[in-house]
Amino acid sequence: MRYPPRPAPALLAAILFLLTGAAAMAEDAAGPFTLQQAIAGRSALLENCTGCHGATMNGGGGGGAPALTGANFQEDWLNKSAGQLFRFASTNMPLNMAGMLPRETYVNLVSFILAVNGAKPGPVAFTGNSDVRIGAIADGRTVTAVLYGEGPYAPPPYPAPAKKRR
Ligand code: HEC
C-alpha cells in the first residue's frame, strides 16, 4: 500500500504555525520557572497580595489595586519580559511595604502570576532575570487550576505529625 508523499518537516511546521497561530505556539513554550516555584508563589500571594489584589486576583480587594489577570494583565504585561514583571513587583509591592519580602518570595510570586495567566512551568528555575517576552509563553487567559491550587498545582500536604516516642 502506498502512502501519499510526506511534506518536509519544515513545511509542516510552517503550515501548523499558519493554522494554529502564534497564540497556540505560546501555549506550548515552557515558562522560565518550575512547578514548585508556582506552587510556592500561590501561598505567598495569598499571604501578601490578595488583600489588595483580590482573592482571585481580579482587583477585587479594594484600594484600587488592579487585577493581575485577564484584560488588565494582557494589556500591561504580555509585551514585557518576565524579568520586568519581577523588577516591578520586587521594587513596588506590596504597596507601602515595597521590597520587604525575600528575593526568593518575589521569584515565586512572579512564577505564580505567570502560571495563572497561562504560562506553563518548565525544567528551569526562575531567578528573577529573564528576557523572555511574557506574551511568548502566556496568552493571559486565567488558568483556574493554578489560581485555586488544584491538581498538579495543589499545595504540598502538611507534614504528618511526629509520632510520640515512648
Ligand atoms: C496595599 C495594597 C497592595 C498590596 C498589599 C499589593 N499591591 Fe500590587 N498594586 C497595588 C496598587 C494600588 C497597584 C497599582 C499601582 C501601580 O501600578 O503602581 C498595584 C500594582 C501591582 C502590579 C502591576 C499591575 C499592572 O497591571 O500594572 C503587580 C504585578 C502587583 N501589584 C503585584 C503585587 C504583588 C505580587 C503583591 C504581593 C507581594 C502586591 N502587589 C501587593 C496595591 C497593592
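# Exercises on a seven-helix chain

P94 is found in the loop between helix 5 and helix 6; helices are DSSP runs of H or I with at least four residues, strands are E runs of at least two, and both are numbered from the N terminus. The model is predicted, so local features need pLDDT of at least 70 and side-chain atom pairs count only at pLDDT 80 or more, while totals for chains, interfaces and linings use all residues. Residues are numbered from 1 along each chain as its sequence is written.

## Exercise 1: The chain as a whole

Determine the secondary structure of the protein chain and the percentage of its residues that are buried.

**Solution.**
1. The protein chain comes to seven helices and zero strands, and the pattern along the sequence reads α-α-α-α-α-α-α.
2. Of the 166 residues, 29% are buried (20 or more other C-beta atoms within 10 Å of the residue's own; exposed means 12 or fewer, partly exposed in between, with C-beta atoms placed from the backbone).
3. Among contacts with a separation of 6 or more, 67% join residues 24 or more positions apart (a contact requires C-beta atoms, placed from the backbone, within 7 Å).

## Exercise 2: The ligand shell

Identify the residues that come nearest to the ligand and the elements that give two or more residues to its shell.

**Solution.**
1. The ligand has 20 residues around it, and C49, C52, D76, M93 and P94 come nearest (near means a C-beta atom, placed from the backbone, within 6 Å).
2. Helix 3 (50-53), helix 4 (70-77) and helix 5 (82-92) each give two or more residues to this shell.
3. By type, the shell holds 11 nonpolar residues, eight polar and one charged (Ala, Val, Leu, Ile, Met, Phe, Trp, Tyr, Cys and Pro are nonpolar, Asp, Glu, Lys and Arg charged, and the others, Gly among them, polar).
4. M93 and P94 are joined by a cis peptide bond, with omega about -10 degrees. Most peptide bonds are trans.

## Exercise 3: The largest nonpolar core

Find which helix gives the most residues to the largest nonpolar core.

**Solution.**
1. The largest nonpolar core has 33 residues (a set of buried Ala, Val, Leu, Ile, Met, Phe, Trp, Tyr and Cys residues joined through C-beta atoms within 7 Å). Inside this core, L85, V110, I113 and L114 have the most contacts.
2. Two or more residues each come from helix 2 (35-48), helix 4, helix 5, helix 6 (103-116) and helix 7 (144-147).
3. Helix 6 gives the most, with nine residues.
4. Residues up to four places away in sequence not counted, L114 touches G31, F33, A82, A119, I134 and A138.

## Exercise 4: Helix 2 against helix 6

Classify the relative orientation of helix 2 and helix 6, and describe their contact.

**Solution.**
1. The two helices pack at an angle of about 100 degrees, with their axes 7 Å apart (axes are lines fitted to C-alpha atoms over the stretch in contact, and angles run from 0 to 180 degrees between N-to-C directions).
2. Helix 2 and helix 6 are therefore roughly perpendicular to each other (65 to 115 degrees; under 35 is roughly parallel, over 145 roughly antiparallel and the rest oblique).
3. From helix 2, Q37, A38, A40, G41, R42, A44 and L45 meet T105, V107, N108, L109, S111, F112 and A115 of helix 6.
4. The residues of this contact divide into eight nonpolar, five polar and one charged.

## Exercise 5: Two positive phi values

Which of M57 and N96 is buried, and which is exposed?

**Solution.**
1. M57 is placed in the loop between helix 3 and helix 4, and its phi is near 60 degrees, a positive value in a residue other than glycine.
2. M57 counts as buried because it has 25 C-beta neighbours inside 10 Å.
3. N96 is placed in the loop between helix 5 and helix 6 and has a positive phi of about 75 degrees although it is not a glycine.
4. N96 is exposed because 8 other C-beta atoms lie within 10 Å.
5. Most residues other than glycine have a negative phi.

## Exercise 6: Pairs separated along the chain

Give the C-alpha separations of Y153 from I39, T56 from T144, and G51 from G62.

**Solution.**
1. Y153, in the segment after helix 7, is 114 residues from I39 along the chain, with C-alpha atoms separated by 5.8 Å.
2. Y153 counts as buried, with 20 C-beta neighbours inside 10 Å. Residues up to four places away in sequence not counted, Y153 touches A38, I39, A145 and V146.
3. T56, in the loop between helix 3 and helix 4, is 88 residues from T144 in sequence and 9.3 Å away, C-alpha to C-alpha. T56 is partly exposed, with 17 other C-beta atoms within 10 Å.
4. G51, in helix 3, is 11 residues from G62 along the chain, with C-alpha atoms separated by 7.7 Å. G51 is partly exposed, with 14 other C-beta atoms within 10 Å.

Conventions:
Contact = placed C-beta atoms within 7 Å.
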